[in-house]
Amino acid sequence: MKKSFFYLTLIAAMAMTFVSCSNDEEKDTAENRLKFANQLTQNSTTCTWEGYDQYQRKELGNWVDEDRKSYVVIRFDRASTTNAYGTGMLLTFENSYKEQFKEASEFIWGFDKGQLQITFRHGGWAPVYAEYYTNELTISGDTFKGWWWEKTDRRFELKYTKSSFKDWDKYVN
């Protein structure tokens, strides 16, 4: 009786392991990628967000805010509402008044292996990524928040709101 209970417990544990792996794979589907892309662009071909990026580093197992904090205006573009990838533009400012412009970069965005990835065209800017189907990135109505990961020990905490920013030509050649 004890042996059969042991084997049943072992089989149940193995089954739960396989189910949890397949559940993660099921979350990263073409349908879910398109759904997130539609949230990201607010069911349009373009959407602009703005807010703060707080740079953080991992120190002794804890996330620590660094002095680097930027006000960001970021636009996601795509050719059609059926595309789950596209291009975009990111502007950084000293603060929300947008008086002191810092830098700009075009980028490409898309999904790969369960992550939303952004690759910047600006030399020296590292790509960033985040799992789109977990709480790493959440979009709720006019709010977009989460973490862009640069490396496993460096990330940016983002807190954006939907924006009506239109002054792109002022900052981009």
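The exercises below work through selected residues and one pocket of a predicted model.

**Exercise 1. Classify Asn38 as buried or exposed, and find the partner of its side chain.**

Solution. Begin with the position in the fold: Asn38 belongs to helix H2, which spans residues 30-40. Next, take the relative accessibility of Asn38, which is 16%; buried means under 20%, so Asn38 counts as buried. Then look for residues that Asn38 touches beyond those up to four places away in sequence, and you find Asn43, Arg78 and Thr81. Finally, examine the side chains, where Asn38 makes a polar contact of 2.4 Å with the side chain of Arg78.

**Exercise 2. Determine how the rings of Phe76 and Phe107 are arranged, and describe the surroundings of Phe107.**

Solution. A search of the whole structure gives 21 aromatic pairs. In the pair formed by Phe76 and Phe107, the ring centres are 5.5 Å apart and the planes meet at 70°, so the pair is edge-to-face, given that planes over 60 degrees apart fall into that class. The pair links distant parts of the chain, since Phe76 is in strand S2 (residues 62-77) and Phe107 is in strand S4 (residues 101-112), with their positions 31 residues apart in sequence.

Now turn to burial: Phe76 and Phe107 are both buried, and for Phe107 the relative accessibility is 0%. The contacts of Phe107, leaving aside neighbours within four places in sequence, include Ile74, Arg75 and Phe76, as well as Gly86, Met89 and Leu90. Ile118 is also among these contacts; the C-alpha atoms of Phe107 and Ile118 lie 6.4 Å apart, although the two residues are separated by 11 residues in sequence.

**Exercise 3. Identify the rings over which Arg68 and Arg75 are placed, and then work out which strands line the largest pocket.**

Solution. For Arg68, the charged end sits over the ring of Tyr55, at 3.8 Å from the ring centre. For Arg75, the ring is that of Trp168, and the distance to the ring centre is 4.5 Å.

Arg68 also leads to the pocket, because it is one of the residues closest to the pocket centre, together with Leu90, Thr92, Trp125 and Phe156. The largest pocket has a volume of about 430 Å³, and 21 residues line it. To assign the lining to strands, note that S1 (46-59), S2, S3 (86-93), S4, S5 (115-120), S8 (143-151) and S9 (154-162) each supply at least two residues. The largest share, five residues, comes from S2.

**Exercise 4. Find which loops hold Leu60 and Lys98, and state the sign of phi for Leu60 and for Lys98.**

Solution. Most residues other than glycine have a negative phi. Leu60, in the loop between S1 and S2, has a positive phi near 55°, and at 85% relative accessibility it counts as exposed. Lys98, in the loop between S3 and S4, likewise has a positive phi, near 60°.

**Exercise 5. Decide whether Ser163 is buried or exposed, and name the side chain with which it makes a polar contact.**

Solution. Ser163 lies in the loop between S9 and helix H3 (168-171). The relative accessibility of Ser163 is 14%, so this residue counts as buried. Outside the residues up to four places away in sequence, Ser163 touches Thr48, Trp49 and Glu50. Of these, Glu50 is the side-chain partner, joined to Ser163 by a polar contact of 2.5 Å.

Terms used. Residues are numbered from 1 along each chain as its sequence is written. This is a predicted model: local features need pLDDT of at least 70, side-chain atom pairs count only at pLDDT 80 or more; totals for chains, interfaces and linings use all residues. Side-chain values use heavy atoms; hydrogens and water are left out. Helices (H or I, at least four residues) and strands (E, at least two) are DSSP runs, numbered from the N terminus. Buried means under 20% relative accessible area, exposed over 50%, partly exposed in between (1.4 Å probe, protein chains only). A polar contact is a pair of N or O atoms within 3.5 Å; within protein, one must be able to donate a hydrogen and the other to accept it, and residues adjacent in sequence count only if both atoms are side-chain atoms. Contact means heavy atoms within 4.5 Å. Rings of Phe, Tyr and Trp (its six-membered ring) pair if their centres lie within 6.5 Å; planes under 30 degrees apart count as stacked, over 60 as edge-to-face and the rest as tilted. A charge sits over a ring if NZ of Lys or CZ of Arg is within 6 Å of the ring centre and within 35 degrees of the ring normal. On a 1 Å grid over the protein atoms alone, a cavity is a set of points where a 1.4 Å probe fits but cannot get out, and a pocket is an open set with protein on both sides within 12 Å along at least five of seven lines; lining residues have an atom within 4 Å of a point. Grid points are joined across faces, edges and corners, and a volume is the space filled by probe spheres set on the points.
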